[in-house]
There are 4 protein chains.
Amino acid sequence: MSENSDRFEVAHLARCELFSPKPQETEDFFTRFLGMYVTQREGQSVFLRAYEDPYQWSLKITEAPQAGMGHAALRTTSPEALERRAASLKDGNVDTRWHEDEFGFGKTLSFQSADGHNLALVWEAEKYVAPPELRSKILTRPSKKPLQGIPVKRIDHLNLMASDVTAVKNGFERHLGFRTTERVVDGDVEIGAWMSSNILGHEVACMRDMTGGAGKLHHLAFYYGNGQHNVDAAEMFRDYDIQIEAGPDRHGITQGQFLYVFEPGGNRIELFGEAGYLHMDPDCPTQTWQMSDIDTGLAIGGANLPWETYFTYGTPSPLSLDQHIERFAHFGPGAEVPTMEPVGAV
Amino acid sequence: MSENSDRFEVAHLARCELFSPKPQETEDFFTRFLGMYVTQREGQSVFLRAYEDPYQWSLKITEAPQAGMGHAALRTTSPEALERRAASLKDGNVDTRWHEDEFGFGKTLSFQSADGHNLALVWEAEKYVAPPELRSKILTRPSKKPLQGIPVKRIDHLNLMASDVTAVKNGFERHLGFRTTERVVDGDVEIGAWMSSNILGHEVACMRDMTGGAGKLHHLAFYYGNGQHNVDAAEMFRDYDIQIEAGPDRHGITQGQFLYVFEPGGNRIELFGEAGYLHMDPDCPTQTWQMSDIDTGLAIGGANLPWETYFTYGTPSPLSLDQHIERFAHFGPGAEVPTMEPVGAV
Amino acid sequence: MSENSDRFEVAHLARCELFSPKPQETEDFFTRFLGMYVTQREGQSVFLRAYEDPYQWSLKITEAPQAGMGHAALRTTSPEALERRAASLKDGNVDTRWHEDEFGFGKTLSFQSADGHNLALVWEAEKYVAPPELRSKILTRPSKKPLQGIPVKRIDHLNLMASDVTAVKNGFERHLGFRTTERVVDGDVEIGAWMSSNILGHEVACMRDMTGGAGKLHHLAFYYGNGQHNVDAAEMFRDYDIQIEAGPDRHGITQGQFLYVFEPGGNRIELFGEAGYLHMDPDCPTQTWQMSDIDTGLAIGGANLPWETYFTYGTPSPLSLDQHIERFAHFGPGAEVPTMEPVGAV
Amino acid sequence: MSENSDRFEVAHLARCELFSPKPQETEDFFTRFLGMYVTQREGQSVFLRAYEDPYQWSLKITEAPQAGMGHAALRTTSPEALERRAASLKDGNVDTRWHEDEFGFGKTLSFQSADGHNLALVWEAEKYVAPPELRSKILTRPSKKPLQGIPVKRIDHLNLMASDVTAVKNGFERHLGFRTTERVVDGDVEIGAWMSSNILGHEVACMRDMTGGAGKLHHLAFYYGNGQHNVDAAEMFRDYDIQIEAGPDRHGITQGQFLYVFEPGGNRIELFGEAGYLHMDPDCPTQTWQMSDIDTGLAIGGANLPWETYFTYGTPSPLSLDQHIERFAHFGPGAEVPTMEPVGAV
């Protein structure tokens, strides 16, 4: 193989494990408001899928002392692609570990990002088959859209906070065949990168941790594919006491419609409205946003991405969300921000 | 007459005159971006209508040294209602003046709000009749939806800034038969009131001028009736250099979807998305928002209504918009705000 | 009083009773799919309200051998207006009956349309007050939007099938102060009329029964106020085996977005998307559609309103829906249609 | 190379040439209503692009005696992929021809489908670079969204009518690396196939020509990515005399929101609303629709895909659209349909 040897090796973000100190409330958030189905319970974990997720689960909630991301797994486009990615990681001196211990998935290769995020690659994935009463007449839909809450369709993407965006990005480009579709630079420093291995604007993104922390989760996103559902969801969250951070609005970066909320365990969840820009063009250049243009990049409408949370809070966090907001409320962009103890991946 | 003698006497906001120091740019804003039709030019004024406005015009743009509202006219539900309103105003010792000097409208009664806003009542209104090429197949539509910009359907409502909200509100209730559907109080002080004489959430609203000014226009609103058009408009304004203040989002107050922008002349314009709450119930009580609940009242999603403009800037303004933002940027709610010279109605 | 003495006397459609031979399935339809709340059960009836309905109920489902409309009640704008309407009906030799026997409503005046539909007028209506857990932060919303199905906001309007549209229309105009906003004529015969006593396109409509029947219900409509919810509802109905008749699309008549389905008991229910044309203009003329323009009037997009149901089926029906479709499948507009035994109001 | 040697070799549908007997009206259709930019004129052709199309053009309109598709070109994911596809076609004894004669594109490989459609593959494509006044602040957007009509974002997909669906499908699978995501069978006969080489539901589809014709275009689709824009477009087409065939509604097949119209030259154009199902799962099975389930497959809502056009009319056509409708109006599915002279690719 040649020119694009590792270009189409990763298919998509297949699953993510979230840690929660309030596992029941976190589960309720995803089932009651976002209409996800519970497919399995094991030990301190519960497994869920959205109605168009193809596998047994896309989300695992595990009880833990602190919020955060347990791990995230990308599915390769073939078993051979998985072997090739393993070889590439090994060549790059990235520590990897093969294991097979997750419900509904087979042999998995785990490793860490340069910033310490727990990542994995997997090929073997058991398809979800709905029982008769949940079968949809729409054949591409693995199960009926539930009648509960404002149901999300599927897992969408992952956004990682990192002490060094470039290092994380390089790992995805070199070993996993991702392209960087867009990035943000502040002078010489790369403070954001959006990466994909398909035509979506991003499967994985990485943003600089302005507090000096490392290895945190910024957010996990679920897909509506419809802007009105973001609007409906905002109203639902407001009335049912789920804390909204920002949105509904549309980022200039990726053109994705966003709504950010904090699930009760403390992790930031994005609801992703209308599909953003699709990168049909196979050699589309990476777009670089300068700080002078960042207003459009952040929010095309009037939405405020709050400094005291959006650019500084990720999970795990040494402070609770309320404590964090209090501590960061009086520091804006440009001011010297409180440095927090770096928090490594859990 | 009896119980509801003046309840249904005013039909709707029929027209508004805006002053602009940049009349050509203001006209372009309404024609190029909001798809309004020019129906007449006279002296320093141009008259426009949206594609579902029933009369010859709903908006008059007049060249003037400063932005502001020239006047706003409400249409009564009958000629007799106009006479009764005139009598009521006279009984209330409000100065009134009959005149007949506006294109497409007949005998008009002008008066001022308690805060000095120029208001008028009118019955005689010439219906707009489209030339054949602009006739719509949709019979309730007075003219085809234009193919230019993101066209607004019609004029919607007026929001007045006032030194004394209660006094302005009382005038609308006593003399014009408006009900107050919702209001905001800060302790004992009424700082906002939304009023209607039909089933809409508001035809006229009034908000306290936090700078101590009087008689200003907060905003004039045009109706889309569709939330997606607010989203489309935000993107358009962003890309074509029209300053967005806030939105798209939805107020809890009135449940109206908003997008606020400043037209080039300096007046704040609201684009009104999906219809808000309709007051079908003829004896629905006035809802009172306390400051403790105001977050939901202001914006159900994450939109930020900026202190330095939304609560302090109206037209006419002694400062340009940029100057105003600079002066008010460092004062938030609760802090003592700079007092500006009161600016009376122009 | 004078010119518009009975113009604003009726506020809105407050409630409707539907008969159902499958009451449990009909109830499930409204609760499970349309998110309505059950507020009371009495005998063979269950009472429901949507989350923005202001009173104790807007829908009563009563077990009966055949589908159909039990009655529909309009609320007046004042107690005096109710008295005046009673007097007008009496003057017109319409039989009326005062009674007070419905949960949550007081003294009611019942009468029949010229075609035998059971109608009523009422002023006294008990406001719904939500228990704490159902209270919304949005103050104009009497209860939280439920998390079940695609919840409708409120009852919207009524469409009556009649042997003589003009006679029914005349009753609403003469005695109830309705204006006819739009109508359809086929030569000299009025075959449809849309009527309102407020600014909505219609609170009550009437369409000709092409089978020669009388006194049937064509449909009862519930309001979403949002086109996307009609789209979401269509998908839900399709996947959960509720029979869709037509839509989502938009009528040229009223500009209302429609989705027609049959609830399991056999009554046609309309889901009403984005608000149609609002008649702000107090002297707007009645728009008359000719058969030559009817395509736009019926459906702006491509939706097919099926001859074998939409123009011929109402409730009560001497045939089941399936039988009706079979009998009428081979008769199109213009052909001589099977005459059915007239079915009077139940 | 191995398992997925030709899986990701074709990136997307880059461009299409339409023939039109009314080239000026066809051009006006795309510029006035769909907001496309003209980028070049040459001889009897005009070249256009939508505001997010990445290249110099995606649509070429060429004057010709009959409507139809001149050719359609897919862009490969690399220059090497183009060479490999050329080799595969040659191995399959498909006649190919290299040429380089289209504005803005380089070396092109032309060939025909099994049914005679003119297809091409290309790698070299000149990126469109907007002049300063058309540059968007949204960096992934190659040019500003125009203020004209309801602008489409980009070319989306192609639907071919064929005498033998299976033969056309096999060509795309064998030589171009397409997967068949969904198909429709009538007994043993494949009457529809939807194919993609990326995660979209389809870049190319093929449907059986029920008249026995061959090599026709069923439709060319342009992307809105938003359901409301389909609704807006339907209203626009209705009011500006563009013939709507069906929609807005959503196919169960692909879950794509559709609106079909005939451009003035006679070609069927689809406006594609909200993105349909995205095939994230790299080994998702082909879904097969049986005729018994086809109602959901065709239209989730109530839309009627008319037998007399949708299943029988393609371009080039030996009859004008009006003539065709007249001839086919009395033949429904299941009846023996008039056989027309097969019309080969132009």
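Select B:Val184 to begin, and then its bridge partner in β11(B), which is B:Gly192. The model is predicted, so local features need pLDDT of at least 70 and side-chain atom pairs count only at pLDDT 80 or more, whereas totals for chains, interfaces and linings use all residues. Residues are numbered from 1 along each chain as its sequence is written, chains are lettered from A and ligands numbered from 1 in the order in which they are written, and side-chain values use heavy atoms, with hydrogens and water left out.

Widen the selection to residues 179-186 and 189-196 of chain B, which are strands β10 and β11, running antiparallel and joined by 7 bridges. Helices (H or I, at least four residues) and strands (E, at least two) are DSSP runs numbered from the N terminus, and two strands pair if DSSP finds at least two bridges between them.

Next, show the whole sheet of chain B, an open one with mixed pairing, in which 9 strands follow the order β14-β15-β16-β13-β9-β12-β11-β10-β17. At its edges, pairing on one side only, are β14 (243-250) and β17 (287-290) of chain B. From one strand to the next the twist averages 20 degrees, where axes are lines fitted to C-alpha atoms, for helices over the stretch in contact, and angles run from 0 to 180 degrees between N-to-C directions.

Add helix α3 (residues 165-176) of chain B, which lies across β9 (154-162), β10, β11 and β12 (204-208) of that chain and runs at about 25 degrees to β11(B). Helix α4 (residues 227-239) of chain B also packs on the sheet, where it touches β14, β15 (257-262) and β16 (268-272) of chain B and makes about 20 degrees with the direction of β15(B).

Now turn to chains C and D, where 20 residues of chain D are in contact (heavy atoms within 4.5 Å) with 20 residues of chain C. The buried area (accessible area, 1.4 Å probe, that two parts lose on being put together, summed over both) is about 1400 Å² between chain D and chain C, with 47% given by carbon and sulfur atoms. Select D:Arg238, D:Ile300 and D:Gly302, which supply 37% of the area that chain D buries against chain C, more than any other three residues.

Finally, superpose chain D on chain C by least squares on the C-alpha atoms of residues with pLDDT of at least 70 in both: a turn of 180 degrees, with a shift of 0.0 Å along the axis, gives an RMSD of 0.0 Å. That is the relation of a two-fold axis, and D:Ala303 is the residue of chain D that comes closest to the rotation axis, at 2.4 Å (C-alpha).
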